[in-house]
Amino acid sequence: MFAADTWAVTARYSMDGGVTWNNSSVSALPASIGDVSAAFDSFGNLFLAELTSSSTACVVALSTNGGATFRVLYTTAANVDQPTVVTGPSSTPGQGSVWITYTPFSGANAGVAAAQGAAVTGLGLVGSFGAAALTSVQGDFGDIAIGPNGQMMIAYQDENSGEGPDNIRISVDADGLGAGLLGASSIASSTQVGGFAALPAQPSRTVDSEPGLAWDRTGGAHNGRVYLMYTDRPSTSSADTDIYVRYSDNNGSTWSSRVRVNDDPAGNGKSQFLPKIALDQTTGYIAVSFYDCRNSPANNTAELWAAVSVDGGQTFLPNVKVSAGVSSALVTAIANTGFDFGDYTGLAFHGGAFYPVWADNSNSTHDNPAGANGNFDIYTARVTVVGQQVTITAQPQSQTVNQTSNVTFTVAASGAAPISYQWLFNSNNIAGATNVSLTMTNVQLTNAGSYSVLVTNPSSSVLSSNAVLTVLGAPSITVQPQSQAAVPGLTASFSAAAFGATPLKYQWLFNSNNIAGATNSSFSLSPVQLTNAGTYSVRVTNQFGAALSSNAVLTLLPAVTITAQPQNVAALAGQPFAFSVSAFGAPPLSYQWFFNNAAIAGATNTSFGLASAQYANAGSYSVLVTNLYGSALSSNALLGIVSTVAWGDNSLGQTNQLVSLSNVVAVAAGQWHNLALRNDGSIVAWGNNISGQCNIPSNLNNALAIAAGGYHSLAIDSSGNLLTWGNNDYGQTNVPSALALEPALSAIGISAGSFHSLALRRDGVVIAWGDNSFRQCNVPAGLSNVVAVAAGGNHSLALRSDGTVVCWGDNTGADGSFAGESTPPPGLDNAVAIAAGDYHSLAVRADGTMVAWGDDSQGQCDVPPGLSNVVAVAGGGAHTLALLTNGTLLAWGANWSSQCDVPPVANVISFGAGEEHSIAVLAGSVPLLKLSAPAHQGTRFTAVAQSQYQKKYAFEYKPIANTNNWTALSTNVGNSGLILFSDPGAIPSQRYYRLRQW
C-alpha cells in the first residue's frame, strides 16, 4: 500500500496491509507542488505521477520495492495540470501498460485533455512513453481507465464552465498502445457542476464534477463494462450535490441511466463532493468514496463515506461512514492557502476490501500536535465488503445407475465472479474436475461413493452437500423372505427386495424347486393347504450375475387360533357383565360359550353376558371357536360376584374391583392399600405394595380379624396368633412378647396407625408398639377393661367397658398447630364404638349419636346436625364415614379424590377409610359361625368369633351333649370384628357351647 502528499513532501508505504507504515524516500524526485496519483500493476511496479514545482511538468516515477524508493521514468512538457496515472493490460498478450492523462495549460495544445502510455513487460521493465494523444474538444479534470483488451478511455469536462452547467466527455483509443488514434470526443453525461463550483464545505478551492472511470477486466459476468462516476446537482446555484454512476457495455458508445450513489434523503440540501471510484478486479465489485456533509447542520463540515455495488452498478449497498471524525476547511490555519480539502482523493480495491485515502483534520486518532481543525492529515482505512459471498443455489443430486452407464453431477451457484469449482470423490479432489458439472462415462462399482464440489469466489468458499452415486451391479438380496405360520384355508405371502442393475428377474422356489409362474418380487399362496408347508426361497438375476435368498419356512398353525382370550370379570350382584373373545382362522368361524364346562344354550356369538349378575352366575366361562379345518378352546375366565365397593383415589389401584373379592365379610383400609377378609378365612390385599404390605404371609390361614396401617398390615388367625407384615422401619411389625401365645394374653382386637400398631388382649389390656415419636405407644398406666382400640396417624384411642374413651399421642393437626385429637371432649360417655383418622378422632354413643374431635381443617369433624342411628364410624386421612342402622353410609370432610362421593349402596356390613379413598362390603356373605381360639382363664372359659354389623350373637351352653336345653350366657351386637365370648363359671364343670346369629 502507498499514500503520498508530495506538496507536503510526505510519502509512506506499508507492506502489511496498512497495519504499519514506513517513510518513502522521494529524494530522487524533483520538488513537487502536488496533484499526486499512484497505481500498482500486476508485476509489482508502483507508478507515481505528480507536478513539479519548477516547471509544473508531470513527472512519472517508478518504485520496484513497494514505495520504499523511486526513480524518475518520464517527464512531460511543462505547464500541465491534473495528472492521473493508471495501469492495466495491453493489446499484446502477457504485456502490461501504464498510462497518464493530464491537461496542458499553455502552448498549442492548451486546454485539451492528453494521454500518453508505455508498455510494461516485468518488474522494473518499462518502455518509452508514446506521443501525447489529444482530445478534439477542450477538457480538464480528467480520469483514465484501461480495458480488458488494452483499450484506453479518458473522461474530462471543460474547466472554463465555472459553476456550470457542463458536459462529461469521453474519448477512446480502441487499441491502446497500438497504432490507432484517440477517437472522437462524445458526451457521456451532462452535469450542473462546472469546473469551479463553490460549496459551503469547500468555498475557496471549489469543486468540479470530478469524473472518474473504472473498467471491469475480471473475466466475470460484467467483463468489459466501464463505469463513469461524476458529481451533479439540481441547478448551478444549489449546494445539494450528489454522486452518480453510469456504465457502458460497448466501450462508451452508449451509457446506462444514472444511479445515485449516496443514500441520504434526496433533496435534503447536503453536499457530497470529490468522489473516487475503484473496481475490484477479483470480484467485479465497484466502490465509490466521497466527502459527505449529510450530518452537518450548516452543510459545511464533512465526513468520508463510501458505497459498494455488487451487481454491476445497478444498485448500491447502504452507504457506510469511513472516517471516525468530522473535518472542516473553514479554519484560519488553512483557509489562507486556498486549498481546503484539495481536489484529489485516493481509492484502491482488491480481494473484497477497498482502501480510501483522504485529507482529514478531525484528529480522530489523537496524534496531531495541532489538534482538531488544524492542518490536514492523510488518512486511510481498510473496508471489507461482506455479502455476495458464493452461495450454492442447486445442490448436486444423488443418483442410482447401472454399471457401465454414464452419469453427470451438476451444481448451481451464485455470487461475485469469478466462481471456481473443484469436485471431490469421498472428500478427495478429483484431478481436472473444475467445471460446473462432473461427467463420468462407463461407471464401475469402484465409482460408487459420495461426490461433492467446493465452490469458491474471491470472497468465500462453500462445500456442497454430498451426492451419493449408487452403482448397481450383480444382484444382492436386501430384504430376505421371512418365515411365517399360516392357518389352513387362508393366505400366506412371501416377499423379498433386491439391489442391483436393472432389469432384475425373480424366480421363487419351494423346497429348492422352481415354482411355475412365480416370477415377481412377492409370492402368495391362497388358500393355504397342508401340502404347502416347507421352505421357500427366491433367486434374483440380472445381466451381471445372480443371488439366492435365505430359506423362509412356512409352518401351518391350528385351523383356529384364539388371539384375545376372555378376561376375568368382577361384578356386583345385579350389575351387567360380559365376556368376549377374538379368534383367527379361515371363515366362517362359529362360537359356543360354556359355564363351568357346560354349554350355554344360544350363546354362539363372539361375546356373552347377562344384564343382571347373580351369585349363581359366579364361576368359570370359556368359548369353543370352530371352522371347517378345526377348533380351539379358550382359557377359562372367572366371573366373581363381589360384595366390595371402593371409591376415591385410585393412583395405586386401591379402588380396583378384583374377581377374588367375593365372599368378603370384612375390609380394612390402609393409607393406600386395602385388606379384605373372606368367609373362608383367606385374605385378599391390593393397592400400594411398596413395603410388601400386600404380601400375605404364606403361613396365615383361617384369619379372623384384619387391620391396615400406613405401610403395614396385621391379622389374627383362628388360633389367636397375631401376624404382621410390611414396613418395619419403626418396629411396627415386631410382635411384642406381651402378646405371647398364652391364651389369656392373645389378641382379640387390632388396629394400625401410620407407623405404629395396637392390640387388645383378652384380659382388656392394650399393647402398643412401633413409632413412638408422638408418644402414641405410651399406653396410659393402669388402663384396663378395654373393649376396643383405634390407631390414628400418630395417636391412639381405647374404649373402656364403662363407655369412656381414653386417648394418647399426637395432639396437632396437619398444619402442626394444636388440634386436640388426643383430648376427648368433656362429657363423652356411653361410647360403644371408636375410630381414628390421621389427625381426628371419632366415637359413637349408645344412643346412636356420634362425637368427632381433632383437626377440622377439611370439615372432617363437622358431624351433620341431627345425625342419629349411627352404629359405626371410620376415619381416613381427612374424611369421615358413618354407618347407619339401615345399612347406609354417610361421608364428609376432604373430597379431593371423590372419597366422600358414596355410591348408591345399602346393607353395608363392613367399611374402611384410607388416605383419600373409601371401601365398603355389602351384605351377601355371612361369616362362618365358628368359635375360635378357646382358652381357659382361671375358672373362665373364653372364645372369639368374627361378627358383622347389623347382626346379633347369642353365646349359650349345656352341661351334657344329649340334651336340647341350652342356657344363654350373653347376647352381643356385631361390630365387623372379633367378639370375645366368656363363661365365668365353666371350670371345673364340663360344658358344651354354641353361638347363634340372627
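Which residue stands opposite Leu-46 in β6? In this predicted model, the residue opposite Leu-46 is Ser-63. That position belongs to the pairing of β5 with strand β6 (residues 58-63), which is antiparallel and runs over six bridges. The two strands form a hairpin with five residues between them. Within this hairpin, Thr-56 takes a positive phi near 50°.

Strand β5 also pairs with strand β4 (residues 32-40). Six bridges join β4 to β5, and the sense is again antiparallel. Here Ser-32 has Thr-52 of β5 as its bridge partner. A hairpin links β4 and β5 too, with five residues between the strands. Its turn contains Gly-44, which has a positive phi of about 100°. Strand β5 itself spans residues 46-52 and is mostly covered. Seven of its seven residues are buried.

Further along the chain, strand β68 (residues 747-752) is also covered. Six of its six residues are buried, so β68 is largely enclosed by the rest of the structure. Its pairing with strand β69 (residues 756-761) is antiparallel and comprises five bridges. Ser-751 has Leu-758 of β69 as its bridge partner. The hairpin of β68 and β69 has three residues between the strands.

A four-stranded open sheet was also identified. Its strand order is β19-β20-β21-β22, with antiparallel pairing. The edges are β19 (212-215) and β22 (259-260), each of which pairs on one side only. Inside the sheet, seven bridges connect strand β20 (residues 226-232) with strand β21 (residues 242-248). This pairing is antiparallel. Tyr-230 faces a second tyrosine across it: Tyr-244 in β21 stands opposite. In a regular strand, side chains alternate between the two faces of the sheet.

Loop positions were examined through Leu-177. This residue lies in the loop between β15 (166-173) and β16 (186-191). Is Leu-177 buried or partly exposed? Its relative accessible area is 32%, so Leu-177 counts as partly exposed. Beyond neighbours within four places in sequence, Leu-177 is in contact with Ser-90, Gln-95, Gly-96, Ser-97 and Trp-99. Its contacts also include Gly-117, Ala-118 and Ala-119. Gly-117 is 60 residues away from Leu-177 in sequence. In space, the two C-alpha atoms are 6.6 Å apart.

At the level of the whole protein, strands dominate the count of elements: there are 87 strands and one helix. The radius of gyration is 55 Å, whereas a compact globule of 998 residues would have a value near 30 Å. Along the principal axes, the C-alpha atoms fill a box of roughly 170 × 90 × 45 Å. Of the 998 residues, 53% count as buried. Contacts between residues at least 6 apart in sequence were also classified by separation. Of these, 54% join residues at least 24 apart.

The surface and the charges complete the description. The protein exposes about 40400 Å². Carbon and sulfur atoms supply 50% of this area. The protein carries 31 positive and 54 negative charges. The mean positions of the two sets are 19 Å apart.

Technical notes
Residues numbered from 1 in each chain as written. Predicted model: local features only at pLDDT ≥ 70, side-chain atom pairs only at ≥ 80, totals over all residues. Heavy atoms only, no water. Pairing = 2+ DSSP bridges. Buried < 20%, exposed > 50% of the residue type's maximum accessible area, 1.4 Å probe, protein only. Rg over C-alpha atoms; globule rule 2.2 N^0.38 Å. Contact = heavy atoms within 4.5 Å. Areas by Shrake-Rupley, 256 points an atom, 1.4 Å probe, with all protein chains shown as cover. Lys, Arg positive; Asp, Glu negative; His and termini not counted. Charge placed at Lys NZ, Arg CZ, Asp CG, Glu CD.
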